[in-house]
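Reader: I should like to learn how the sheet and the pockets of this model are to be read. Could we begin with the pairing of strands?

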Amino acid sequence: MHPIHVGRPNIGDRQTFLNRVNEILDRNWLTNNGPVVQEFEKKLAEYLGVGHVVAMCNGTVALEIAIRALELEGEVILPSYTFIATAHAIHWQGLTPVFADINPATHNLDANAVKRMITPKTSGIIGVHLWGRGADVDGLQDIANEYELKLMFDAAHAFGCSYQGKMIGNFGACEVFSFHATKFFNSIEGGAIATNDDELAEKLNLMRNFGFAGFDNVIYPGTNGKMNEICAAMGLTNLEYLDEILKVNRRNYLTYQKLIQPIQGISLLPYDQTESNNFQYIILEVDPDFPVSRDTLVDKFHEANILARKYFWPGCHNMKPYKDLFPNANLLLKNTELVADRVIVLPTGLAMDLDNIHKVVEILVSCI
Ligand code: T4K
């Protein structure tokens with residue numbers, strides 16, 4: 001049997017992509033705000049219903065640029081239960097990431113826990129819409145307003161998702177997407193920052209291009225965050241295929257849900273069907289009373305060539321350099337550790353058909 005991976009890329013119409021690549025080669029314009037990047041940004045902004053989308057080379061650099069552009073300083077509060085890039089982006093700017101605990105029911109930041117971590121040095125909050133589920137945007141915005149903090153979101157998982165009926169991309173000062181190959185919607189490598197703030201959009205635009213505001217005129221300490229034309233061509237092609245990808249992801253989620261619901265001791269984190277969802281992460285939670293532990297279950301999957309993942313175990317606070325910098329952080333991260341110890345991410349996407357889903361569920365059934 002071929003291995004079944006979490007993170008298998010979804011690829012839209014191959015010929016359309018190749019045609020775009022040929023046009024790019026004929027045009028001899030490969031990067032630096034080319035026409036395909038501009039078209040990609042325009043289509044993304046339309047889809048999200050947001051004022052501006054600034055395309056970037058990846059989600060991590062996009063986070064770093066957003067942090068710089070918002071002029072965050074001192075301490076920035078974020079969840080520990082996220083991909084390590086969220087914490088690293090803060091650390092790389094010479095700032096201190098401060099980890100706040102999550103709500104175990106949503107896996108997203110608990111606004112009360114965030115409040116407890118505020119000190120005179122706190123300048124901002126980075127909420128994460130984990131697994132594509134909207135964070136407690138209102139709760140976090142209230143805190144940001146009360147304490148005069150900047151609020152931005154890591155929306156790497158949340159392209160195509162909504163919060164209270166409005167597309168994610170419209171909240172906080174700005175929101176950062178990842179279009180990495182493993183995301184349900186990819187541009188090979190890539191990311192983008194969405195914002196409704198005209199001034200911020202202009203600053204992000206310049207900062208991703210070294211801070212150049214015209215020939216020989218640098219006005220910001222920028223970096224190279226530019227998306228290239230080939231990545232934008234993949235992004236545009238996959239955007240045209242989005243409905244098909246969403247249809248398959250939804251079908252996969254509902255199939256998993258139906259098959260797993262009757263099994264005692266395990267459950268799927270539900271998607272809120274009143275919102276737009278991308279269904280890209282199938283989150284299995286393993287209770288302590290399930291006959292097999294989470295780790296043994298992952299081993300069983302891997303033996304069967306099913307590469308399920310323990311995202312985001314063991315939590316950023318248990319990885320370097322944060323483990324050394326904050327050795328007692330775990331004392332305030334009880335829910336983070338509880339959730340990180342019980343989650344398995346199951347494979348989905350265009351590469352998963354119903355037969356493969358049954359193979360995954362057979363492993364679960366064999367444990368009872
Ligand atoms: N914030 C959050 C919350 C994020 O989740 C991420 C990225 C970011 C920020 C940063 O955005 P980027 O800078 O990446 O744009 C993967 C991805 O590399 C990463 O993008 C993603 N989150 C994270 C959740 O997953 P790894 O270390 O698990 O990748 P890896 O190499 O183990 O691949 C995952 C699986 O995908 C494997 O089973 C193999 C399969 N795969 C992968 C690639 C690249 C394929 O089948 N084909 C492929 O081309 O991080």
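Author: Two strands count as paired if DSSP finds at least two bridges between them. Please bear in mind that the model is predicted. One pair to examine is β3 (residues 75–79) and β4, which run parallel and are joined by five bridges. Within this pair, Val-76 stands opposite Pro-97 of β4.

Reader: What is the order of the strands in the open sheet of seven?

Author: The order is β2-β10-β9-β6-β5-β3-β4, and the pairing is mixed. At the edges stand β2 (52–56) and β4 (96–100); each has a single partner strand, so one side of each is left without a neighbour in the sheet. On average, neighbouring strands of this sheet are turned by 25 degrees against each other, direction ignored.

Reader: Which strands does helix α2 touch, and which does helix α3 touch?

Author: Helix α2 (residues 35–48) packs on the sheet through β2, β9 (175–178) and β10 (191–195). The direction of α2 makes about 135 degrees with that of β2. Helix α3 (residues 59–69) also packs on the sheet, where it touches β2, β5 (122–128), β6 (150–154), β9 and β10. Between the direction of α3 and that of β9 the angle is about 165 degrees.

Reader: Let us turn to the pockets. How is empty space found, and what volume has the largest pocket?

Author: Empty space is revealed by rolling a probe the size of a water molecule over the atoms. In this model the largest pocket has a volume of about 590 Å³. Its lining comprises 35 residues, and those nearest the centre are Ser-178, His-180, Thr-182, Lys-183 and Tyr-281. At least two lining residues come from each of α3, α4 (84–91), β9 and β14 (343–346). By class, the lining of the largest pocket has 15 nonpolar, 15 polar and five charged residues.

Reader: Why is the largest pocket said to lie between domain 1 and domain 2?

Author: Domain 1 (14–240) and domain 2 (242–366) both contribute residues to the lining of the largest pocket, so this pocket lies between them.

Reader: Which residues are closest to the centre of the second largest pocket, and what is its volume?

Author: The second largest pocket has a volume of about 280 Å³. It is lined by 19 residues, with Thr-106, Asn-108, Arg-133, Gly-134 and Ala-135 closest to its centre. Seven of the lining residues are nonpolar, seven are polar and five are charged. Domain 1 (14–240) and domain 2 (242–366) each supply at least three residues to the lining of the second largest pocket.

Key
Residues are numbered from 1 along each chain as its sequence is written. This is a predicted model: local features need pLDDT of at least 70, side-chain atom pairs count only at pLDDT 80 or more; totals for chains, interfaces and linings use all residues. Side-chain values use heavy atoms; hydrogens and water are left out. Helices (H or I, at least four residues) and strands (E, at least two) are DSSP runs, numbered from the N terminus. Axes are lines fitted to C-alpha atoms, for helices over the stretch in contact, and angles run from 0 to 180 degrees between N-to-C directions. Contact means heavy atoms within 4.5 Å. On a 1 Å grid over the protein atoms alone, a cavity is a set of points where a 1.4 Å probe fits but cannot get out, and a pocket is an open set with protein on both sides within 12 Å along at least five of seven lines; lining residues have an atom within 4 Å of a point. Grid points are joined across faces, edges and corners, and a volume is the space filled by probe spheres set on the points. Ala, Val, Leu, Ile, Met, Phe, Trp, Tyr, Cys and Pro count as nonpolar, Asp, Glu, Lys and Arg as charged, and the others, Gly among them, as polar. Domain bounds come from an automatic or database domain assignment.
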